[in-house]
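Student: I have a model open on my screen and would like to talk it through. Could we go over it together, one question at a time?

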Amino acid sequence: MLVDIEMPRMDGFDLTRNVRADARLRDIPIVMITSRTADKHRNKAMALGVDVYLGKPYAEDELLGHVARFIAARREATEKT
């Protein structure tokens with residue numbers, strides 16, 4: 001899931017909090033991409049359960065690398081079951 005802190009209706013912090021509280025969704029990886037790069041925002045996001053925190057502008061290759069890693073981990077977990 002790719003989210004930003006600043007989104008309409010529900011900010012990225014609330015979305016992350018809700019996803020992590022839902023047993024059906026809690027294992028979905030969350031990548032937060034935001035212009036808010038201060039440590040206080042990063043620390044809050046990570047404490048809520050964000051897997052990766054990227055500041056804007058971000059490197060597309062870095063984002064794609066994270067997505068590929070999440071996909072590979074999911075495949076590996078699925079093959080073990």
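Student: Leaving aside neighbours within four places in sequence, which residues is His41 in contact with?

Tutor: Happy to help, and keep in mind that this is a predicted model. His41 belongs to helix H2, and it counts as buried because its relative accessibility is 15%, where the cut-off for buried is under 20%. Once its neighbours within four places in sequence are set aside, its contacts are Ile5, Phe13, Arg36 and Tyr53.

Student: Which residues of H1 are buried, and how wide is the arc they fall within?

Tutor: The buried residues in H1 are Gly12, Phe13, Thr16, Val19 and Arg20. Looking down the axis of H1, you find them along one face of the helix, because they fall within an arc of 130°.

Student: What do those buried residues of H1 pack against?

Tutor: Thr16 of helix H1 makes a good example, being buried with a relative accessible area of 1%. Not counting residues up to four places away in sequence, Thr16 touches Ile30, Met32, Leu48, Gly49 and Val50. Taken together, the buried residues of H1 pack against S2 and helix H2 (39-48).

Student: Which strands are at the edges of the sheet?

Tutor: The sheet is open, with three strands in the order S1-S2-S3 and parallel pairing. An edge strand pairs on one side only, and that describes S1 and S3.

Student: What is the bridge partner of Leu2 in S2?

Tutor: S1 and S2 run parallel and are joined by two bridges. For Leu2, the bridge partner in S2 is Val31.

Student: How far apart are the end C-alpha atoms of helix H3?

Tutor: Helix H3 covers residues 60-80, which makes 21 residues. At 1.5 Å a residue the helix should span 30 Å, and the model agrees, with its end C-alpha atoms 31 Å apart.

Student: Which strands do the buried residues of H3 pack against?

Tutor: Leu63, His66 and Phe70 are the buried residues of H3. Down the axis of H3 they fall within an arc of 65°, so they line one face of the helix. On the other side, Glu60, Asp61, Arg75, Glu79 and Lys80 are exposed. The buried residues pack against strand S1 (2-3), strand S2 (31-34) and strand S3 (52-55).

Student: Which residue has its charged end over the ring of Phe70, and at what distance from the centre?

Tutor: By the rule for pairing aromatic rings, the count of aromatic pairs is zero, but rings also meet charges here. Lys44 lies over the face of Phe13, 4.5 Å from the ring centre. Over the ring of Phe70, the charged end belongs to Arg69, 4.9 Å from the centre.

Student: Where is the cis peptide bond, and what is its omega?

Tutor: Most peptide bonds are trans. The residue to look for is Pro57, in the loop between S3 and H3. The cis bond joins Lys56 and Pro57, with omega about -5°.

Student: What is the phi of Arg9, and is the residue buried or exposed?

Tutor: Arg9 lies in the loop between S1 and helix H1 (12-21). Most residues other than glycine have a negative phi, whereas phi of Arg9 is positive, near 70°. Its relative accessibility is 91%, so Arg9 counts as exposed.

Terms used
Residues numbered from 1 in each chain as written. Predicted model: local features only at pLDDT ≥ 70, side-chain atom pairs only at ≥ 80, totals over all residues. Heavy atoms only, no water. Helix = DSSP H or I, 4+ residues; strand = E, 2+ residues; numbered from the N terminus. Expected span 1.5 Å × (residues − 1). Buried < 20%, exposed > 50% of the residue type's maximum accessible area, 1.4 Å probe, protein only. Arc of directions from axis to C-beta. Contact = heavy atoms within 4.5 Å. Phe/Tyr/Trp six-rings, centres within 6.5 Å; stacked < 30°, edge-to-face > 60°. Lys NZ or Arg CZ within 6 Å of the ring centre and 35° of its normal. Pairing = 2+ DSSP bridges.
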